Amino acid sequence: VVGRHMVTNALLAASAGWLSGLSVEEVAYGLGGVEISDGRLKIRDLRGVSIVDDSYNANPDSMRAAVDTLAELDCKGRRFAVLGGMAELGETAEEEHRKLGELVRARKIDFLLSVGDQARGITDGLSPNGGGRPMIEHFGEHEDCAEFLEANISSGDLILVKGSRSARMEKVIEQMEKKEGGK
């Protein structure tokens, strides 16, 4: 399981097990057998590129945790943050999307790609700093983002794909896998 924030989840699960009467061995066994659901920080390989599929859902805290995870994971190539919008934020939506874009800029991430109308606020207002990091692009459609990735990724690169359920970010991965199936 990747992500520093998952340590907190593991500690909470261990505490619940311990308080429920499980032995240390039983707690360790349970934690050791954890399998991550699809779309929840699951890493998959596509032609030598690692894709961190966190497309199941998103909120400001989980987006920050995922971006931090992307910045901290070992990577021989470049880092791509492929982000969809966060739903149900109400009045804070514009500010939260803007802050997310600023966070990506502050981390060692090479590409910031946003997808869909709701995600436009992640990249709006951030101009590429003259060849510096990150390269910033916005796409209206998942397919266009997948095509950009296909044209720009190399073996050793690391891609995070994340957004709210309504953003359907798994479509970017599906499109890239479809391309692989056709090669």
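Asp53 and Ser55 make a polar contact through their side chains, at 2.6 Å. This comes from a predicted model. Asp53 sits in strand β2, which spans residues 49-54. Its position is covered: Asp53 counts as buried, at 5% relative accessibility.

**Salt bridges**

The count of salt bridges comes to 13. Three pairs are set out below.

| Pair | N to O distance | Relative accessibility |
|---|---|---|
| Arg44 and Glu177 | 2.7 Å | Arg44 27%, Glu177 36% |
| Glu95 and Lys99 | 3.8 Å | Glu95 39%, Lys99 33% |
| Arg98 and Glu102 | 2.9 Å | Arg98 37%, Glu102 39% |

Take Arg44 and Glu177 to begin with. The closest N and O atoms of this salt bridge are 2.7 Å apart. The pair links distant parts of the chain, with the two positions 133 residues apart in numbering. Arg44 belongs to strand β1, residues 42-46. Glu177 belongs to helix α7, residues 170-182. Arg44 is partly exposed, because its relative accessible area is 27%. Glu177 is partly exposed too, at 36%.

Now helix α4. This helix covers residues 93-106 and holds both Glu95 and Lys99. The two residues are four apart, about one turn of the helix. Their side chains meet in a salt bridge at 3.8 Å, N to O. The cut-off for a salt bridge is 4 Å, so this pair counts. Glu95 is partly exposed, with 39% relative accessibility. Lys99 is also partly exposed, with 33%.

Arg98 and Glu102 lie in helix α4 as well. Again the spacing is four residues, about one turn of the helix. The closest N and O atoms of their salt bridge are 2.9 Å apart. Arg98 counts as partly exposed at 37%. Glu102 counts as partly exposed at 39%.

Which residues join Glu95 and Lys99 in a network of salt bridges? Asp61, Arg64 and Glu96 do.

**Cysteines**

The structure holds zero disulfides. Cys75 is in no disulfide, and the nearest cysteine sulfur, in Cys145, is 17 Å away. Why is there no bond from Cys145 to Cys75? The closest cysteine sulfur to that of Cys145 is the one in Cys75, and 17 Å is too far for a bond. A disulfide needs the two sulfur atoms within 2.5 Å.

Are these cysteines buried or exposed? Cys75 is partly exposed, because its relative accessibility is 21%. The limit for buried is under 20%, so a value of 21% does not qualify. Cys145 is buried, at 0% relative accessibility.

**A nonpolar surface patch**

Trp18, Leu19 and Val24 form a nonpolar patch on the surface. Together they have about 390 Å² of accessible area. Trp18 is found in helix α1, residues 5-19. How exposed is Trp18? Its relative accessible area is 52%, so Trp18 counts as exposed. The cut-off for exposed is over 50%.

**In brief**

Asp53 is buried in strand β2 and contacts Ser55. Arg44 and Glu177 tie strand β1 to helix α7 by a salt bridge. Helix α4 holds the Glu95 and Lys99 pair and the Arg98 and Glu102 pair. Cys75 and Cys145 stand 17 Å apart, sulfur to sulfur. Trp18, Leu19 and Val24 make up the nonpolar patch.

How values were computed
Residues are numbered from 1 along each chain as its sequence is written. This is a predicted model: local features need pLDDT of at least 70, side-chain atom pairs count only at pLDDT 80 or more; totals for chains, interfaces and linings use all residues. Side-chain values use heavy atoms; hydrogens and water are left out. Buried means under 20% relative accessible area, exposed over 50%, partly exposed in between (1.4 Å probe, protein chains only). A polar contact is a pair of N or O atoms within 3.5 Å; within protein, one must be able to donate a hydrogen and the other to accept it, and residues adjacent in sequence count only if both atoms are side-chain atoms. Patches are made of residues with over 30% relative accessible area and no salt bridge: like charges are joined within 9 Å, nonpolar side chains (Val, Leu, Ile, Met, Phe, Trp, Tyr) within 5 Å. Accessible areas come from the Shrake-Rupley method with a 1.4 Å probe; for residues, only the protein chains shown count as cover.
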